[in-house]
Every structure is written in C-alpha cells, then in structure tokens.
Amino acid sequence: MTTLQLYQLPGCPYCAKVRHKLDELGVDYETHEVPSSHADRTEVKEISGQTGVPVVVDADHDVDGMPESDDIVAYLEETYGA
Ligand SMILES: N[C@@H](CCC(=O)N[C@@H](CS)C(=O)NCC(=O)O)C(=O)O
C-alpha cells in the first residue's frame, strides 16, 4: 500500500481543509511543501498541470495529481468514507 501524498503550503486554508478530512477519515498521508513562488513549483505543475495547492497523489487509486480542495474532499469521502 502506497501512502497518499499531499502537496501543500503552511497557512493555506484549502490545504487545511484537506488535512482535516484526511485526519477525520484516518487516512495516512505524507506532506510535501511547495515553494511559495509559483515559478518554482515545477513538481506540482508536472503532476497536476497547474501550480495551485492542495494537490493529492493517491497511487493506490490511480490518482496522479488532483487539484481543487472541494474535488479532493469529495474524492476522499467517496474513497475512504464509510
Ligand atoms: N479553489 C482552489 C483554491 C486553492 C488556492 O487558492 N490555493 C492557494 C494557496 S492557499 C494557491 O496555491 N494559490 C495559487 C494558485 O491558485 O495558483 C481550491 O479550493 O483548492
């Protein structure tokens, strides 16, 4: 089983929303802090096609770079909810 990866920034409310959902659902995850400069967010751009965070990679479910916190929360509920 591969650990879910969360690309995020400290102080980002959208990222906090996703972390709270992950904690609520008891999903293990690793965080990756992206650079504050958009120009330097090459990794997150490569995996998701854009530079905003949060972005989730969940290899076990073939999710290789999902942006948009609302979409991520819906995905987490659908995949890991009761
Ligand atoms: N609608 C997005 C907004 C995300 C957002 O604005 N994230 C900020 C950090 S708190 C960011 O990365 N902004 C840069 C950008 O949107 O490219 C979501 O809900 O995920």
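This passage walks through the sheet, the helices packed on it, two backbone details and the ligand site of a predicted model.

The sheet makes a handy starting point. Four strands line up in the order E2-E1-E3-E4, forming an open sheet with mixed pairing. The two edges belong to strand E2 (29–33) and to E4, each of which pairs on one side only. From one strand to its neighbour there is an average turn of 20 degrees, direction ignored. As a bit of background, strands of a sheet pair through backbone hydrogen bonds, and the pairing can be parallel or antiparallel.

Two of the pairings can be followed residue by residue. Strand E1 (residues 4–8) runs antiparallel to E3, and three bridges join them; in this pairing, Gln5 sits opposite Val57 in E3. Strand E3 (residues 55–58) is also joined by three bridges to strand E4 (residues 63–67), again in an antiparallel arrangement. Here Val56 faces Met66 across the pair, with Met66 belonging to E4.

Next come the helices that rest against these strands. Helix H1 (residues 13–25) packs on the sheet and touches E1, E2 and E3, with its direction at about 155 degrees to that of E1. Helix H3 (residues 69–80), for its part, lies across E1, E3 and E4 and runs at about 135 degrees to E4.

Two spots in the loops deserve a second look. One is Asp62, in the loop between E3 and E4. Those two strands make a hairpin with four residues between them, and the phi of Asp62 comes out near 60 degrees, a positive value in a residue other than glycine. The other spot is Pro54, found in the loop between helix H2 (42–48) and E3. The peptide bond leading from Val53 into Pro54 is cis, and its omega is near 10 degrees.

Val53 and Pro54 turn up again at the ligand, where both are among the surrounding residues. The rest of the list is made up of Cys12, Pro13, Tyr14, His38, Arg41, Thr51, Gly52, Glu68 and Ser69. Sorted by class, this shell holds five nonpolar, four polar and two charged residues.

Who gets close to which ligand atom? For Val53 the backbone does the job: one of its N or O atoms lies 2.9 Å from a nitrogen atom of the ligand. Glu68 uses its side chain instead, placing a polar atom 2.9 Å from a ligand nitrogen. Ser69 also uses its side chain, with an N or O atom 2.6 Å from an oxygen atom of the ligand. As for overall cover, the ligand taken alone exposes 500 Å², and the protein buries 66% of that.

Methods: Residues numbered from 1 in each chain as written. Predicted model: local features only at pLDDT ≥ 70, side-chain atom pairs only at ≥ 80, totals over all residues. Heavy atoms only, no water. Near = heavy atom within 4 Å. Polar contact = N/O pair within 3.5 Å; in protein donor to acceptor, adjacent residues only side chain to side chain. Areas by Shrake-Rupley, 256 points an atom, 1.4 Å probe, with all protein chains shown as cover. Nonpolar A, V, L, I, M, F, W, Y, C, P; charged D, E, K, R; others polar. Pairing = 2+ DSSP bridges. Axes fitted to C-alpha atoms, helices over the stretch in contact; angles between N-to-C directions. Contact = heavy atoms within 4.5 Å.
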